Amino acid sequence: MIINKSEIAGLLDNLVKEYRVYAPVQKDGIVTFEQINEGTQAKPGATSKKPPKEILFPQSEELFNYQVDSQGLRMEDKIDDTKSVAFGVRPCDAKSMMLLDNVFHNDEYEDVYYTTRRKNTLIISVGCNQPASTCFCTSVGSSPFDTDGSDVLLTDIGDSYLAEAITEQGKEFLCKLNLPASDDQAKTKAEETKKQAQLTSEVDTTGIKEKLDDMFDHPYWESLYEKCLGCGACTYLCPTCHCFDIADEAKDCAGCRVRNWDSCMFPLFTLHGSGHNPRTSGKERWRQRAMHKFNYFVERYNASACVGCGRCIKNCPVNLDIRQVIADIKAQDTGSEVS
Amino acid sequence: MNKNNPYLPIPMRLVKNFCETEDKLIHTFDLEFVNKEDQENFKYLPGQFAELMVYGQGEAPFGIASSPNEPGILKFSVAKVGVVSKALHLLEEGSTVGVRGPLGNWYPVEDLKGKNIVIIGGGFAFTTLRSTIQYLLDPVRRGDYGDITVVYGARNPGLLLYKEELQEWENRDDINMVTTIDRPAEGWEGRTGFVPAVVEEVAPSAENTVCIICGPPVMIKFTQPVLEKLGFTPEQIIMSLEMRMKCGLGMCGRCNIGSKYVCKDGPVFTLEQLKKLPNEY
Ligand SMILES: Cc1cc2nc3c(=O)[nH]c(=O)nc-3n(C[C@H](O)[C@H](O)[C@H](O)COP(=O)(O)OP(=O)(O)OC[C@H]3O[C@@H](n4cnc5c(N)ncnc54)[C@H](O)[C@@H]3O)c2cc1C
Ligand code: SF4
Ligand code: SF4
Ligand code: FES
């Protein structure tokens, strides 16, 4: 099916009546995913600085509120089941949501805040005609038109988008929109566009999991972290990072429990009540970040926790480049190689 | 655990707030279920923990010190170190608290059947060991296990937890209860000496025996070589770990050692399992 670019705003205006619609929006000098009220606010085709994971896993959210008084205890949880559409998600970010699904619904527990939003949110992605210089999705098993995690994938073919349904829900959604069918010319154009989308950067990640199996005590970590400021930007802006803190905001006996994004790059993250800290310096924290993405996560969920979006590269104040880290890790001698 | 939402605590009533140690830093709390249904759903085994919540202050993880054969209550012994633990200490009996759990795995009480058991504890980390002892001594299952030896040490007599129960266990003949304090103290007629030395003296042969050890890092560090000398292999040594925790569900990413989350894959591990994990705890 075809969506004319000139009709996008009108289409979103209609969607807003039925769904909560999130789209990339220019706000305070950056592009982020926000709930929109009018189609003209959206900038489909823009890559957000903050990943759209916050649609499912907000940076700060209330889990429940409570009150204890003479009438006893009252508690109310806030589970959000509003039908939503995320319009203009990048394929790497859609894929990251599939990775997060593993975390928030594990073999024992279900995080109903996340899973309820997830079930009620349609993901409409826009492929990347021109990947940025920091993108390396093809090195981590994805691609600029990857369909994993999307319900609908849009391909920019000039004046219009070619819309492909990826899931059943995506198909139903497109049917309801009454869009014109795509002709052969549009289909050919889309195929060409996909072929032409070239990544300018690559890094070989094969065997990195196994390499890291033997690298916990490697001297490489001694120097890697030296210029890191521990600001945590790399983790906050990463679409697959999921660490959070739980805190109470309360006055006397009434209040709410909130969860906020947190970061393994902060020293307090693992500080025990006794004062003991298993990760005292940036060395242990950077090692944790690299290991978690390319070893521990793989061990647990059979996929690396990096989709190659490049946000951590673009936004690191000291230019620590995860691609270089991967290449360096691969080049280290671990003494266990078969020569 | 709330079936629909693992973040929601169940309400419990504080029925006893008891100052356990001479230094007043440890209080033991007995909690009673407010709802019958919650009580039926709260199925746990020794070694598991729960998040205790003080309304208005937050929650923190504590080992469950009661045993499933003490129905109707949950017991916790809490050291005063920060926000939640201080608030707990100040709570009046009759107050409502929140409990989220049971969380984590447990001591492998099924696999221990037919074996001798050595339990080694130090300081105030005796909580889930108390649960274990209560569980093993239950008349319906005492016969399933071999000899039970317990070595429990504290700096001085005033710092021992559960003094009345220790006394009772010492008087029984189906458990070898050895309590020790670091140095002689006035009025103390029991044993003196550090835990590792006492273990070396009283522990049975390692054959068909499993050891559960929980205590401060120094105690563990110096007891391990003693156990090795006695012939215990890493599979025969079971430990319980503590990490900073928030969710207790394997999601918040805070408590991992390598690819394992201590809150969900632990807190109980054999030394053999720990040896395969990075040394970062
Ligand atoms: C599985 C498990 C079982 C446990 N069982 C028991 C038990 O049976 N009994 C028991 O007493 N304890 C137990 N603990 C330890 C207990 O969880 C901690 O002592 C508890 O979380 C402390 O919580 P709090 O709110 O009182 O302290 P917090 O206020 O969270 O912190 C206490 C201390 O930590 C440091 N700290 C924390 N946050 C900060 C910060 N933002 N900035 C600076 N410093 C900070 C400070 O030194 C502070 O005084 C267990 C822990 C685990 C993981
Ligand atoms: S690690 Fe960096 S490149 Fe990989 S997904 Fe996270 S932010 Fe993107
Ligand atoms: S963004 Fe760069 S400086 Fe900041 S914590 Fe990450 S690696 Fe360190
Ligand atoms: S406490 Fe959250 S992952 Fe273990």
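This briefing walks through some helices, ligand sites, cavities and backbone details of the structure above. Please keep in mind that the model is predicted. A good place to start is the interior: the structure holds six cavities of 30 Å³ or more, and the largest cavity is the space taken by ligand 3. From there we move to ligand 2, an open pocket, two spots in the helices of chain A, and a handful of backbone features in both chains.

**Ligand 3 and the largest cavity**

- The volume of the largest cavity is about 120 Å³. It is lined by 15 residues, and those closest to its centre are A:C228, A:C234, A:W286, A:C316 and A:L320.
- Sorted by class, this lining has twelve nonpolar, two polar and one charged residues.
- Ligand 3, whose space is this cavity, has 13 residues around it, of which A:C228, A:C231, A:G232, A:C234 and A:C316 come nearest.
- The shell around ligand 3 is made up of eleven nonpolar and two polar residues, with no charged ones.

**Ligand 2 and its surroundings**

- Around ligand 2 you will find A:F136, A:C238, A:P239, A:R289, A:K293, A:C306, A:V307, A:G308, A:C309, A:G310 and A:C312.
- The shell around ligand 2 divides into seven nonpolar, two polar and two charged residues.
- A:C306, one of the residues around ligand 2, has its C-alpha atom 7.7 Å from that of A:F294, although the two are twelve residues apart along the chain.
- A:F294 itself belongs to helix α10 (residues 282-301) of chain A. Its relative accessible area is 3%, so A:F294 counts as buried, the cut-off being under 20%.

**The second largest pocket**

- The second largest pocket offers about 440 Å³ of space. Its lining has 27 residues, and A:T47, A:R90, A:C128, A:A132 and A:C135 are the closest to its centre.
- In this lining, eleven residues are nonpolar, eleven are polar and five are charged.
- Two helices of chain A, α3 and α11 (311-315), each supply at least two of the lining residues. The largest share, three residues, comes from α11(A).

**Helix α3 of chain A**

- Helix α3 of chain A covers residues 91-104, which makes 14 residues. From first C-alpha to last it reaches 20 Å, close to the 20 Å expected at 1.5 Å a residue.
- This helix is mostly covered, with eleven of its 14 residues buried. Among them are A:P91, A:C92, A:D93, A:A94, A:K95, A:S96 and A:M97, and further along the helix A:L99, A:L100, A:V103 and A:F104 are buried too.
- As background, residues three or four places apart in an α-helix point the same way, because there are 3.6 residues a turn.

**Backbone details worth a look**

- In chain B, the peptide bond from B:G101 to B:P102 is cis, with omega near -5 degrees. B:P102 is part of strand β6 (residues 96-103).
- Another cis peptide bond joins B:G266 and B:P267, with omega of about 10 degrees. B:P267 sits in the loop between β14 (260-261) and β15 (268-270) of chain B.
- A:N178 is not a glycine, yet its phi is positive, at about 55 degrees. It is found in the loop between α5 (168-176) and α6 (184-196) of chain A, and A:N178 is exposed, with a relative accessible area of 68%.
- B:K24, also a residue other than glycine, has a positive phi near 65 degrees. B:K24 lies in the loop between β1 (10-19) and β2 (26-33) of chain B, and at 54% relative accessibility B:K24 counts as exposed.

Key:
Residues numbered from 1 in each chain as written. Chains lettered and ligands numbered in written order. Predicted model: local features only at pLDDT ≥ 70, side-chain atom pairs only at ≥ 80, totals over all residues. Heavy atoms only, no water. Helix = DSSP H or I, 4+ residues; strand = E, 2+ residues; numbered from the N terminus. Expected span 1.5 Å × (residues − 1). Buried < 20%, exposed > 50% of the residue type's maximum accessible area, 1.4 Å probe, protein only. Near = heavy atom within 4 Å. 1 Å grid on protein atoms, 1.4 Å probe; cavity = no way out; pocket = protein on both sides within 12 Å on 5 of 7 lines; lining within 4 Å. Sits in = over half its atoms within 2 Å of the grid points. Nonpolar A, V, L, I, M, F, W, Y, C, P; charged D, E, K, R; others polar. Points joined across faces, edges and corners; volume = space filled by probe spheres on them.
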